[in-house]
Amino acid sequence: MEVLFNRYVESFDLQDEKIKLKILHTYRVVEIMEYLTNCLRLCERDCFLAKKIALYHDIGRFKQIVQFGTFDDSKSIDHAQLSCEILNQGQFLKDCTEDEKGCILKAIYNHNKLYIGSELNEKEQFFAKLIRDADKCDIFKVIATKDYLTLFGFSKEEIEQSYVSKKVKESLMSHQCVDKKDRKEALDFLLTMIGFFYDLNFEETIEYIMEYQWYRIPFDDLSFAHEETRKDVKMILNEMEAYLRKRGNNNVYN
């Protein structure tokens, strides 16, 4: 399956930093997915489906970059929907049954949504949860590179000068993911990843993330200009880590 993926991405400018970023992200998500499926002891066919989902989950990102120059879906196009359209048009899923194709496409379509659609059946929900977790694992690592301009469209200085929007803070303190439409400040885009912790589905995912603690790196790197911002960020991080300790029975992630 990698041959088809590589052939597709080779049609884009491989020197473009955003294109390179997404290629590397894709293959790391595949590796994380293999780690999770091994931990969960899935059967061979389910491992195959999970790998396909991981490999193709962001295939729409490449056209998105070429056409719009941004990763921000709210300013361009729903990249998950675009991924599904590309997969339907090509030969990427030719070795899958119709039921398997449906499962793959629904998982990919739901991987970037605020919540998984209630219409999915049990197996479809399972794979949607898997790709959401695997994707988030690597997003933490990508953000730890501190390439804020490429990732968010904001410089380090712009993030340091910004505040936490009221609705973003309310969502995070209520243990909810951040709705993209609520992001008003540059810092909101970075804080979105903290909300990811409230949407992790497998304990193995939490253990993986907490082992490396990539999410801490950008916050250690940034020097916020406003005392209000410093207090808000500290409060949000403390609340998230307290949530994880409670979820891990106060001993798994210490």
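Here are some worked exercises on the predicted model shown above.

## Exercise 1: The overall build

Task: Find how many helices and strands the chain has, and check its radius of gyration against the value for a compact globule.

Solution:
- Step 1. Start with the secondary structure: there are 14 helices and zero strands. Reading along the sequence therefore gives nothing but α in the pattern, α-α-α-α-α-α-α-α-α-α-α-α-α-α.
- Step 2. Turn to the radius of gyration. A compact globule of 254 residues would come out near 18 Å, and the chain has 18 Å, so the two agree.
- Step 3. For the extent along the principal axes, the C-alpha atoms fill a box of roughly 55 × 45 × 30 Å.
- Step 4. Now look at contacts. Taking those between residues at least 6 apart in sequence, 68% join residues at least 24 apart.

## Exercise 2: Surface and charge

Task: Describe what share of the residues is buried, what the chain exposes, and how its charged side chains are placed.

Solution:
- Step 1. Of the 254 residues, 51% are buried.
- Step 2. The exposed area is about 12,300 Å², and carbon and sulfur atoms supply 47% of it.
- Step 3. Counting charges gives 37 positive and 45 negative side chains. The centres of these two sets lie 1 Å apart.

## Exercise 3: A salt bridge within one helix

Task: Explain how Glu17 and Lys20 are placed along helix α2 when they form their salt bridge.

Solution:
- Step 1. A search of the whole structure finds 21 salt bridges. One of them joins the side chains of Glu17 and Lys20, at 3.0 Å from N to O.
- Step 2. Check that distance against the cut-off: a salt bridge needs the nitrogen within 4 Å of the carboxyl oxygen.
- Step 3. Both residues belong to helix α2 (residues 17-39), and because they are three residues apart, about one helical turn separates them.
- Step 4. As for accessibility, Lys20 has a relative accessible area of 31%, so it is partly exposed.

## Exercise 4: Salt bridges between distant parts

Task: For the pairs Lys123 with Asp46 and Asp199 with Arg132, work out which parts of the chain are joined and how accessible the partners are.

Solution:
- Step 1. In the salt bridge of Lys123 with Asp46, the closest N and O atoms are 3.4 Å apart. This pair links helix α7 (residues 122-143), which holds Lys123, with helix α3 (residues 44-56), which holds Asp46, across 77 residues.
- Step 2. The partners fall into separate accessibility classes: Lys123 is partly exposed at 44%, while Asp46 is buried at 17%. The dividing value here is 20% relative accessible area, under which a residue is called buried.
- Step 3. Next, the side chains of Asp199 and Arg132 meet at 2.7 Å, N to O. Asp199 sits in the loop between α11 (186-196) and α12 (203-212) and Arg132 in helix α7, so parts that are 67 residues apart in sequence are tied together.
- Step 4. Asp199 and Arg132 are both buried.
- Step 5. To finish the salt bridges, Glu2, Glu34 and Lys51 form one network through shared partners.

## Exercise 5: A covered helix and a buried threonine

Task: Determine how many residues of α11 are buried and what covers them, then describe the surroundings of Thr26.

Solution:
- Step 1. Count along α11: eleven of its eleven residues are buried, so the helix is mostly covered. Among them are Phe189, Met193 and Phe196.
- Step 2. The cover over these buried residues includes α7, α8 (148-152), α9 (156-160), α10 (166-173), α13 (216-221) and α14 (227-247).
- Step 3. Move to helix α2, where Thr26 is found. Thr26 has 0% relative accessibility and counts as buried.
- Step 4. Leaving out residues up to four places away in sequence, Thr26 touches Phe5, Ala54, Leu55 and Asp58.

## Exercise 6: Positive phi values

Task: Locate Lys146 and His175, and state the phi value of each.

Solution:
- Step 1. Lys146 lies in the loop between α7 and α8. Its phi is near 65 degrees, a positive value in a residue other than glycine.
- Step 2. Lys146 is partly exposed, at 36% relative accessibility.
- Step 3. His175 lies in the loop between α10 and α11. The phi of His175 is near 60 degrees, again positive in a residue other than glycine.
- Step 4. With a relative accessible area of 31%, His175 is partly exposed.

Definitions and conventions: Residues are numbered from 1 along each chain as its sequence is written. This is a predicted model: local features need pLDDT of at least 70, side-chain atom pairs count only at pLDDT 80 or more; totals for chains, interfaces and linings use all residues. Side-chain values use heavy atoms; hydrogens and water are left out. Helices (H or I, at least four residues) and strands (E, at least two) are DSSP runs, numbered from the N terminus. Buried means under 20% relative accessible area, exposed over 50%, partly exposed in between (1.4 Å probe, protein chains only). The radius of gyration is taken over C-alpha atoms; the globule rule is 2.2 Å times the number of residues to the power 0.38. Contact means heavy atoms within 4.5 Å. Accessible areas come from the Shrake-Rupley method with a 1.4 Å probe; for residues, only the protein chains shown count as cover. Lys and Arg count as positive and Asp and Glu as negative; His and the chain ends are not counted. The place of a charge is taken as NZ of Lys, CZ of Arg, CG of Asp or CD of Glu.
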